[in-house]
Amino acid sequence: HLEGPASHFGGTVSLNLSGTTYYGRRLGDGRLVLRFVDGAALVLDKTVLTGPMGVGSVDGSWAFSGPLDYRFRFDQAPLAELFGPERAKSLGLTGLVTLAGKVEGDTTTPLVTAYLTSPGVGFAGKALGATQLEARIEGRDLQLWGRPFDDARAQVKLKLREPYLFDGSLS
């Protein structure tokens with residue numbers, strides 16, 4: 001239901017989502033509610049999706065004057081879904097992770113910060129231990145750092161390109 005002149009534009013859009021995917025990741029099913037507030041903002045009420053990626057949620061707002069303020073979280077997300085089932089199988093990736101973060105900035109240069117944690121991951125049939133990674137995307141610049149598994153540290157810098165190509169360095 002939408003109503004009013006642009007300066008007082010308001011209303012709600014409700015959608016039942018089924019089989020939702022994002023960049024090939026199977027997020028699942030849930031209900032999404034968007035609210036237009038006084039022609040000044042778009043609010044996303046807490047949306048919970050349940051599916052192969054575990055239980056995920058997102059909520060927040062976008063003030064049309066610029067600021068983004070969104071939060072997202074996935075709990076008990078299988079690495080196989082995060083990296084893609086075929087790739088995970090070929091690499092022997094196992095484990096469940098929590099992915100949590102926020103989107104700030106504006107629509108020209110969004111700033112995404114995220115944390116990926118797990119009590120235990122496996123690679124090539126071997127248990128590697130806990131994961132604790134942080135990531136930051138500002139515009140097209142991606143930085144990732146932290147502990148991919150016990151006794152290891154990593155730092156990655158990439159320049160994202162369309163559709164998925166990048167330039168980067170690994171240390």
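Y115 stands opposite E134 in β9, a strand that spans residues 126-138 and runs antiparallel to β8, to which 11 bridges join it. Strands are DSSP runs of E with at least two residues, helices are runs of H or I with at least four, and both are numbered from the N terminus. Two strands pair if DSSP finds at least two bridges between them. The model is predicted: local features need pLDDT of at least 70, side-chain atom pairs count only at pLDDT 80 or more, and totals for chains, interfaces and linings use all residues. Residues are numbered from 1 along each chain as its sequence is written, and side-chain values use heavy atoms, with hydrogens and water left out.

Between β8 and β9 there are two residues, and the two strands form a hairpin. A124, in the turn, has a positive phi of about 55°. On the other side of the sequence, strand β7 (residues 94-105) is joined to β8 (residues 110-123) by 10 bridges, and these strands also run antiparallel. L99 stands opposite L116 of β8. Here the hairpin formed by β7 and β8 has four residues between its strands. In a regular strand the side chains alternate between the two faces of the sheet.

The loop between β7 and β8 contains T107. Is T107 buried or exposed? Its relative accessibility is 53%, so T107 counts as exposed; the cut-offs are under 20% relative accessible area for buried and over 50% for exposed, with partly exposed in between (1.4 Å probe, protein chains only). Contact means heavy atoms within 4.5 Å. Leaving aside neighbours within four places in sequence, T107 is in contact with W62, G66 and L68. The C-alpha atoms of T107 and G66 are 6.9 Å apart, although 41 residues separate the two in sequence.

W62 leads to the aromatic pairs. A search of the whole structure finds two of them. Rings of Phe, Tyr and Trp (its six-membered ring) pair if their centres lie within 6.5 Å; planes under 30 degrees apart count as stacked, over 60 as edge-to-face and the rest as tilted. The ring centres of Y22 and Y23 are 4.7 Å apart and the planes stand at 90°, so this pair is edge-to-face. Y22 counts as exposed because its relative accessibility is 54%, and Y23 counts as exposed because its value is 53%. W62 and F64 form an edge-to-face pair as well, with 4.9 Å from centre to centre and 85° between the planes. W62 has 26% relative accessibility and therefore counts as partly exposed, while F64 is partly exposed with a relative accessible area of 36%.

Charged side chains provide another set of links. The whole structure holds eight salt bridges, each defined as a side-chain nitrogen of Lys or Arg within 4 Å of a carboxyl oxygen of Asp or Glu. In one of them R26 joins E81, with the closest N and O atoms 2.2 Å apart. R26 lies in strand β3 (residues 25-37) and E81 in helix α1 (residues 79-83), so the pair ties together parts that are 55 residues apart in sequence. R26 is partly exposed, with a relative accessible area of 40%, whereas E81 is buried at 7%.

Another salt bridge joins D75 to R73, the closest N and O atoms being 3.1 Å apart. D75 counts as partly exposed at 26% relative accessibility, and R73 counts as partly exposed at 38%. The side chains of K102 and E104 also meet in a salt bridge, at 3.9 Å from N to O. In addition, D59, D69 and R71 are joined into one network by salt bridges that share partners.

A buried position is found at T47, in strand β4 (residues 41-51). T47 counts as buried because its relative accessibility is 3%. Not counting residues up to four places away in sequence, T47 touches R31, L32, V33, G56, S57 and V58.

The chain as a whole has two helices and 12 strands, in the order β-β-β-β-β-β-α-α-β-β-β-β-β-β from the N terminus on. Of its 171 residues, 29% count as buried. Among contacts with a separation of 6 or more, 28% are between residues 24 or more positions apart. The chain exposes about 10600 Å², of which carbon and sulfur atoms supply 59%; accessible areas come from the Shrake-Rupley method with a 1.4 Å probe, and for residues only the protein chains shown count as cover.
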